[in-house]
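Hi,

Here is the structure I promised to pass on. Have a look at it first, and then read my notes below.

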Amino acid sequence: MSRTVTLVLLDSAGRPLGALPPFGVPEPWWQEAGSIVAAVRQRHGLEVAVLRLLDADSPGPPGGHVRYLAQVVAAPVAPLEPAVDALGVPLEPVAVDLAPHPLRQPWAEAGGPADSVAWATGELRRLGRGVTAVAQQRTWNLSAIWRLDTERGPTWLKQLPPFARHEPTVLAFPGGTNSLIDGPVVLAADGEGRMLLADVPGVDRYGAGERERAAIAAEHHAVQLRACGVVGELVAAGVPDLRGAGLAGWIRERLAGHDVSAAAGLLDGLDHRLRQVGDCGLPDTLVHGDLHPGNVRGDDGHRTVIDWADSFVGHPAFDILRLTEDVDADAAARLIDAWARRWRTDVPGSDPHRAVDLLRPVAPLRQAAVYAMFLAAIEPSEHPYHVHDVPAALARAAAVAAAVAVARP
């Protein structure tokens with residue numbers, strides 16, 4: 001599957017120029033901007049920054065015909081009548097709503113990407129690293145990412161919305177002589193969502209098999225064990241607090257206004273279920289929140305968990321449930337058994353298996369609330385990214401709850 005892209009262009013001052021002819025890019029994922037920028041450079045001789053999604057011909061990603069708003073960052077030849085790009089291709093006149101929106105992220109505004117890159121370039125200069133190339137990688141409501149090459153290798157600029165701005169705090173949180181987690185090194189952060197990260201060598205571990213997932217789980221256990229002793233400090237530093245009964249209120253608050261009838265029974269019994277989880281005796285800790293192999297980077301010998309924007313303080317079982325979500329039942333059982341053995345060793349008298357059993361339907365329920373949080377915090381044109389995720393996650397939660405109830409002796 002691929003995308004067909006139409007770019008509606010603004011000039012360097014933010015004034016509308018028109019739309020480029022549609023073109024194809026290989027990745028179906030709407031937030032991936034790197035191939036769009038490269039295609040426009042090759043086809044039209046323009047340097048652009050993709051700002052935000054305008055609309056699409058399908059109800060949600062991936063694939064389809066997608067329109068974006070983009071800004072020319074290297075001024076083209078003075079426009080003729082009708083407007084043309086730098087290579088002489090006519091731009092189609094198009095009406096586009098440029099009115100401000102209170103939920104628009106800074107990087108989605110005209111001039112926003114340039115401001116962020118200027119900040120990052122300045123920080124790298126302060127660190128003695130000159131920038132040799134800049135490449136936009138991704139832009140959507142959850143983050144904007146650029147690669148900045150320097151004489152000392154690549155660095156990464158990541159910009160986050162308000163609900164994810166605790167990520168640099170987590171990455172740099174002290175833990176003895178080193179950081180609490182073995183994550184990407186934060187070179188700079190502005191406290192307003194921008195952070196500059198050192199490169200993590202390797203590749204994202206999509207498609208990792210059972211053996212590699214077992215290694216990820218074992219390494220992550222060591223992080224969570226260390227974090228058990230600093231949960232209060234993590235919460236005080238701004239990491240979301242989803243411990244115990246507080247999780248039920250957090251879920252209900254975010255799902256208010258959504259049709260939750262599919263999971264009504266699960267929601268009604270959520271407080272009792274979470275009290276039972278508490279009786280299992282496992283400590284609260286730092287939870288990654290989206291621990292799948294694609295959020296692990298490295299090679300067969302060394303792995304680094306990346307993308308801590310969904311992290312929170314809560315129950316450790318959420319991460320093993322996510323890590324085993326897309327493997328076969330036998331492999332998942334073996335991975336969970338190993339996870340449970342580690343916790344029973346470190347917390348004698350605890351019942352990790354029962355905790356996992358109780359939290360199986362809560363995991364997709366929490367995810368539905370996360371998607372609802374995204375929707376409440378982003379402008380309407382970006383809703384197609386997530387609007388179908390809430391009912392889908394609620395349906396999964398209800399199905400898992402029913403399956404667990406049938407399987408329970």
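To start with one residue: does V327 count as buried, exposed or partly exposed? V327 counts as partly exposed, because its relative accessibility is 21% and the cut-off for buried is under 20%. Bear in mind that this is a predicted model, so everything here is computed from its coordinates.

V327 sits in the loop between α9 (317-323) and α10 (329-346). Setting aside residues up to four places away in sequence, V327 touches R213, A332 and L335. There is also a long-range pairing to look at: E210 is 117 residues from V327 along the chain, yet their C-alpha atoms are separated by 7.9 Å.

E123 falls on the other side of that cut-off. E123 is part of helix α2 (residues 112-126), and with a relative accessible area of 18% it is buried. Beyond its neighbours within four places in sequence, E123 makes contact with A188 and L196.

A188 turns up again in the nonpolar cores. The largest of these has 95 residues, and L7, L9 and L365 are the ones with the most contacts inside it. Helix α12 (residues 362-376) gives this core its largest share, 11 residues. If you want to click through one member, try L365: leaving out residues up to four places away in sequence, L365 touches I251, L255, A263, L266, L267, L270, L394 and A397. Another core, of 14 residues, lies apart from the largest one, and W107, A120, W146 and A188 are among its members. As background, nonpolar side chains in soluble globular proteins tend to be buried together.

Now the whole chain. The protein has 13 helices and 17 strands. Its radius of gyration is 23 Å, close to the 22 Å that the globule rule gives for 409 residues, so the protein is as compact as a globular protein of that length. Along the principal axes, the C-alpha atoms fill a box of roughly 75 × 50 × 35 Å. Buried residues account for 49% of the 409. Of the contacts between residues at least 6 apart in sequence, 67% join residues at least 24 apart.

Lastly, surface and charge. The accessible surface comes to about 17800 Å², with 55% of it belonging to carbon and sulfur atoms. The protein has 37 positive and 49 negative charges, and the mean positions of the two sets are 3 Å apart.

Cheers

Notes. Residues numbered from 1 in each chain as written. Predicted model: local features only at pLDDT ≥ 70, side-chain atom pairs only at ≥ 80, totals over all residues. Heavy atoms only, no water. Helix = DSSP H or I, 4+ residues; strand = E, 2+ residues; numbered from the N terminus. Rg over C-alpha atoms; globule rule 2.2 N^0.38 Å. Buried < 20%, exposed > 50% of the residue type's maximum accessible area, 1.4 Å probe, protein only. Contact = heavy atoms within 4.5 Å. Areas by Shrake-Rupley, 256 points an atom, 1.4 Å probe, with all protein chains shown as cover. Lys, Arg positive; Asp, Glu negative; His and termini not counted. Charge placed at Lys NZ, Arg CZ, Asp CG, Glu CD. Core = buried A, V, L, I, M, F, W, Y, C linked by side-chain atoms within 4.5 Å.
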